[in-house]
Amino acid sequence: MKKYLILVLIVLLIGALSVGVLADKGKTGQAGKSNIAHLYLHEKDPETWEIVEPGAWGKMKYNMLGDEFDFVFNGHDLKGEIGTEYTLIYYPDPWPGTGLICLGTGTVDEFGDVHIMGSVDTGDLTDAKIWLVLSDDVDSVMTGWNPTEYLFEYDLITFTDE
C-alpha cells in the first residue's frame, strides 16, 4: 500500500511539473546569459487579443545586440494557401505604422509553415512589436488589416544597435 501511495504521489508530481513546462510555451526573452533571445508570435482573437488555442504560431530567435538585427523566424499552422507570402515586420504605433520596418518575407509551404531569416539595419528597437502579416497588407506602412491571418508578439522586444 505504501509503495502504491508513493507511486501515485510521484505521478502527480511529474504531472504538476509537466503543466508548468507546458504553461511556459510563449515565454520570451534572453537565453541564459547569452546575446540570444527568443520571441513567440501567436494567432490572436482580434476582439479580445487572447491567444487562439490551438492556433497558428511562430518562434523567432534573434540577437539582442549587434551591428544589425540578426534573426531566424519559423511560423507554423498558418492559414494561407501554399505560396501565400508573409512579411515579418517591426510595427511602431500608431496606425498605420509610420516607420515600419520589413524584416523579411517568406512563402507558406505545403505544411502551413514559413521560414524567414535575415540581418537588417534597424537601429535600436525598444519595446518593439514584431508581427507576421500578409505581404499584400504592408508597404512602407500597413495598407490592409486582416488580423485573423496574422501572428502577433507574445511580448515586446529590445534590440541594441552597436
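**A tour from a buried threonine to a tryptophan patch**

Threonine 87, at 3% relative accessibility, counts as buried, because buried here means under 20% relative accessible area. The model on screen is a predicted one, and this residue is a convenient place to begin.

**First selection: threonine 87**

Select threonine 87 and show the strand around it, which is β6, covering residues 85-91. Which side chain makes a polar contact with the side chain of threonine 87? Add serine 135 to the selection, since its side chain and that of threonine 87 make a polar contact of 2.6 Å. Then widen the view to the other residues in contact with threonine 87, leaving aside its neighbours within four places in sequence: besides Ser135, these are Cys102, Gly104, Thr105, Trp131, Leu132, Val133 and Val138.

**Second selection: isoleucine 130**

Move next to isoleucine 130, which is found in strand β9, residues 125-134. Is isoleucine 130 buried or exposed? Its relative accessible area is 0%, and therefore isoleucine 130 is buried. If you draw a distance between C-alpha atoms, isoleucine 130 and leucine 88 are separated by 7.1 Å, although they stand 42 residues apart along the chain. Leu88 is also one of the residues that isoleucine 130 touches once residues up to four places away in sequence are not counted, and with it you can select Leu39, Leu41, Met60, Ile89, Tyr90, Leu103, Leu151, Phe152, Glu153 and Ile157.

**Third selection: tryptophan 49**

Now select tryptophan 49, which lies in the loop that runs between β2 (36-42) and β3 (57-63). Tryptophan 49 has 39% relative accessibility and so counts as partly exposed. Turn on the surface and add Trp95 and Trp145, because these two residues and Trp49 make a nonpolar surface patch of about 350 Å², where nonpolar side chains are joined within 5 Å.

**Last view: the whole chain**

Clear the selections and colour the protein chain by secondary structure, which comes to one helix and 11 strands. Followed from the N terminus, the order of elements is α-β-β-β-β-β-β-β-β-β-β-β, with the helix ahead of the strands. Of the 162 residues in the protein chain, 36% are buried, and among contacts between residues at least 6 apart in sequence, 59% join residues at least 24 apart. With the surface shown for the whole protein chain, about 9,500 Å² is exposed, and carbon and sulfur atoms supply 56% of that area.

Note on methods
Residues are numbered from 1 along each chain as its sequence is written. This is a predicted model: local features need pLDDT of at least 70, side-chain atom pairs count only at pLDDT 80 or more; totals for chains, interfaces and linings use all residues. Side-chain values use heavy atoms; hydrogens and water are left out. Patches are made of residues with over 30% relative accessible area and no salt bridge: like charges are joined within 9 Å, nonpolar side chains (Val, Leu, Ile, Met, Phe, Trp, Tyr) within 5 Å. Accessible areas come from the Shrake-Rupley method with a 1.4 Å probe; for residues, only the protein chains shown count as cover. A salt bridge is a side-chain nitrogen of Lys or Arg within 4 Å of a carboxyl oxygen of Asp or Glu. Helices (H or I, at least four residues) and strands (E, at least two) are DSSP runs, numbered from the N terminus. Buried means under 20% relative accessible area, exposed over 50%, partly exposed in between (1.4 Å probe, protein chains only). A polar contact is a pair of N or O atoms within 3.5 Å; within protein, one must be able to donate a hydrogen and the other to accept it, and residues adjacent in sequence count only if both atoms are side-chain atoms. Contact means heavy atoms within 4.5 Å.
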